[in-house]
Each structure stands twice: as structure tokens, then as C-alpha cells.
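Biologist: I should like to learn how to read the features of a protein model. Might we begin with the terms?

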Amino acid sequence: MRLVIAKCSVDYAGRLSAHLPLATRLLVLKGDGSVLVHSDSLSYKPLNWMSPPATLAVEEVDEDLAAVGVAEVWRVTHAKTADMLVISIHEILHDSSHELGVDPGLQKSGVEDDLQRLLAEQIELLGEGHTLVRREYMTAIGPVDILARDAAGRSVAVEIKRRGDIDGVEQLTRYLELMNRDPLLAPVTGVFAAREIKPQARTLAEDRGIRCLLLDYDAMRGVDTGHARLF
């Protein structure tokens with residue numbers, strides 16, 4: 001990765017046109033061919049960029065550009081669309097290159113797989129007397145996150161989301177309709193479980209006879225003394 005701090009102006013030409021007047025900016029040239037133009041504001045977002053695959057050509061300037069202080073021109077061209085990012089460099093204040101190696105990737109905590117595993121281990125959060133049948137119970141239209149049985153031995157299908165919205169309720173509804181046609185499973189009730197559930201999703205779930213379970217991820221990991229709440 002190459003990091004350049006330079007006084008520059010930037011022009012983008014392609015599906016849209018954009019211009020950044022002369023200012024001091026950070027230019028990031030990544031090993032994958034992408035080029036990003038950053039300022040010391042706007043949080044993590046670049047002011048402009050070119051995505052890979054792209055090629056960078058450094059061009060000498062003519063007399064007209066030199067007369068207004070341009071020292072060199074970087075022309076970044078996208079290989080597939082011919083979109084172009086033109087960076088007119090007036091002065092380079094810093095220029096360094098760094099070998100970062102292979103990144104292992106972001107390891108997220110509290111995603112649906114984590115919640116599914118923890119709820120399977122703590123199946124009693126569904127209610128007293130509940131037992132686990134299996135995780136990822138396969139149906140003809142996809143896997144149900146958890147299949148359990150309540151204290152009376154009735155089937156319970158659990159759909160788990162990190163953030164519960166209407167789409168998740170609709171998904172569970174489709175599973176329930178299909179599973180209730182199976183005489184070996186019916187009757188099957190549903191539980192919609194998530195770390196947070198949007199009000200519209202809760203209303204729809206309750207209207208369809210689906211229970212909502214709020215999962216306290218920290219408590220399930222033993223980080224604090226809170227408990228999942230069933231509404």
C-alpha cells in the first residue's frame with residue numbers, strides 16, 4: 001500500500017463528472033489497484049475513488065499545467081468502464097509504501113451463527129421444559145435455525161436474526177406453513193429471536209401467533225447478569 005499526502009486537485013470523468021479543487025489530501029494506492037482520495041474530514045469516507053481493476057499512469061505536464069503549479073498528473077483508468085480519475089499533483093508532502101501482507105478478514109461477534117449456537121446451548125431461554133431437536137433443520141425451502149420441542153412435546157421452529165425485521169417474520173411464516181403440513185411435526189409454533197426486533201416486525205409476528213424473543217448476547221456469553229426476555 002502506498003500513502004501519499006499531496007497538494008492536488010482531482011477530476012473524475014465517466015458516468016458522472018466531479019471536481020475537487022486544490023487542497024492537501026491523502027491519496028491511498030492499494031495493492032488491488034484501487035485509488036482513494038481522502039480529506040481530514042467526512043469520517044472514513046473517501047472524497048472520490050476508483051475501484052479495481054484499474055491502471056495508474058503518471059504523465060509529464062505541459063507548459064500550461066506547469067504554469068499553474070502542476071508538477072505531475074496521475075491518470076487512473078478503470079479497465080472495464082473507461083471511467084477516469086485524474087489527479088493533478090502540485091506538491092508531494094509525504095510518500096511511503098508499506099507491505100501489509102494477507103489480511104485474515106473481519107471476525108464479527110454477535111452474528112446469527114453465534115446467536116444460534118448460544119441459543120441451542122441455552123435452549124431453556126425459549127421457556128421451561130424446552131429441549132433441542134437440532135440446529136439447521138432442513139426443509140424444502142431452506143433450513144430452520146433451530147427446531148425444538150416445548151414441555152408438552154410440541155414442535156417449535158425458531159428463526160434467529162441479529163436485527164429482526166419484517167422480512168425475518170415472513171421467512172419464519174413460510175417455514176411454519178410448510179412444516180405444519182408434515183403430520184410428524186404438526187402442530188408447529190414459531191419463535192422469532194433477535195438481539196433487537198423492530199416494532200413493525202413484532203406487530204406482524206404477534207398477529208400471526210409467533211412469539212418474539214429478545215436475545216441478550218452479552219448475558220448469553222456470561223458477560224453480565226442480564227437475561228433474554230420473552231414477550
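Modeller: A residue is called buried when its relative accessible area is under 20%, and exposed when that area is over 50%. Please keep in mind that this is a predicted model.

Biologist: Which residues of strand E3 are buried, and on which sides do they lie?

Modeller: The general idea comes first. In a regular strand, side chains alternate between the two faces of the sheet. In E3, Val35 and Val37 lie on one side and Leu36 and His38 on the other; all of them are buried, and both faces of the strand are covered.

Biologist: In what order do the strands of the sheet stand?

Modeller: The open sheet has seven strands, in the order E4-E3-E2-E1-E7-E6-E5, and their pairing is antiparallel. Strand E4 (48-50) and strand E5 (54-59) are at the edges; each has a single partner strand, so one side of each is left without a neighbour in the sheet. From one strand to the next, the twist averages 35°.

Biologist: How many bridges link E3 with E4, and how many link E2 with E3?

Modeller: E3 (residues 35-38) pairs with E4 over three antiparallel bridges. Between strand E2 (residues 18-29) and E3 there are four bridges, again with the strands running antiparallel. Leu36 is a useful residue to follow: Val28 stands opposite Leu36 on one hand, and Trp49 in E4 is the bridge partner of Leu36 on the other. Val37, in turn, has Asn48 in E4 as its bridge partner.

Biologist: What connects E2 and E3?

Modeller: The two strands form a hairpin with five residues between them, and Gly33 in the turn has a positive phi of about 100°.

Biologist: How should I read a helix, for example H4? Which of its residues are buried, and which are exposed?

Modeller: One compares the sides of the helix. In H4, Ala201, Arg202, Leu204 and Ala205 are buried. These residues cover an arc of only 165° around the axis, which puts them on the same side of H4. Pro199, Thr203 and Asp207, on the other side, are exposed. Among the elements that cover the buried residues of H4 are strand E10 (155-164), H3, E11 and E12.

Biologist: Which residues touch the most other members of the largest nonpolar core?

Modeller: That core has 19 residues, and those with the most contacts to other members are Ala157, Val169, Met179, Phe192, Ile197 and Ile210. Helix H3 gives the most to this core, with five residues.

Conventions
Residues are numbered from 1 along each chain as its sequence is written. This is a predicted model: local features need pLDDT of at least 70, side-chain atom pairs count only at pLDDT 80 or more; totals for chains, interfaces and linings use all residues. Side-chain values use heavy atoms; hydrogens and water are left out. Two strands pair if DSSP finds at least two bridges between them. Axes are lines fitted to C-alpha atoms, for helices over the stretch in contact, and angles run from 0 to 180 degrees between N-to-C directions. Buried means under 20% relative accessible area, exposed over 50%, partly exposed in between (1.4 Å probe, protein chains only). A nonpolar core is a set of buried Ala, Val, Leu, Ile, Met, Phe, Trp, Tyr and Cys residues joined through side-chain atoms within 4.5 Å. The arc is that of the directions from the helix axis to the C-beta atoms. Contact means heavy atoms within 4.5 Å.
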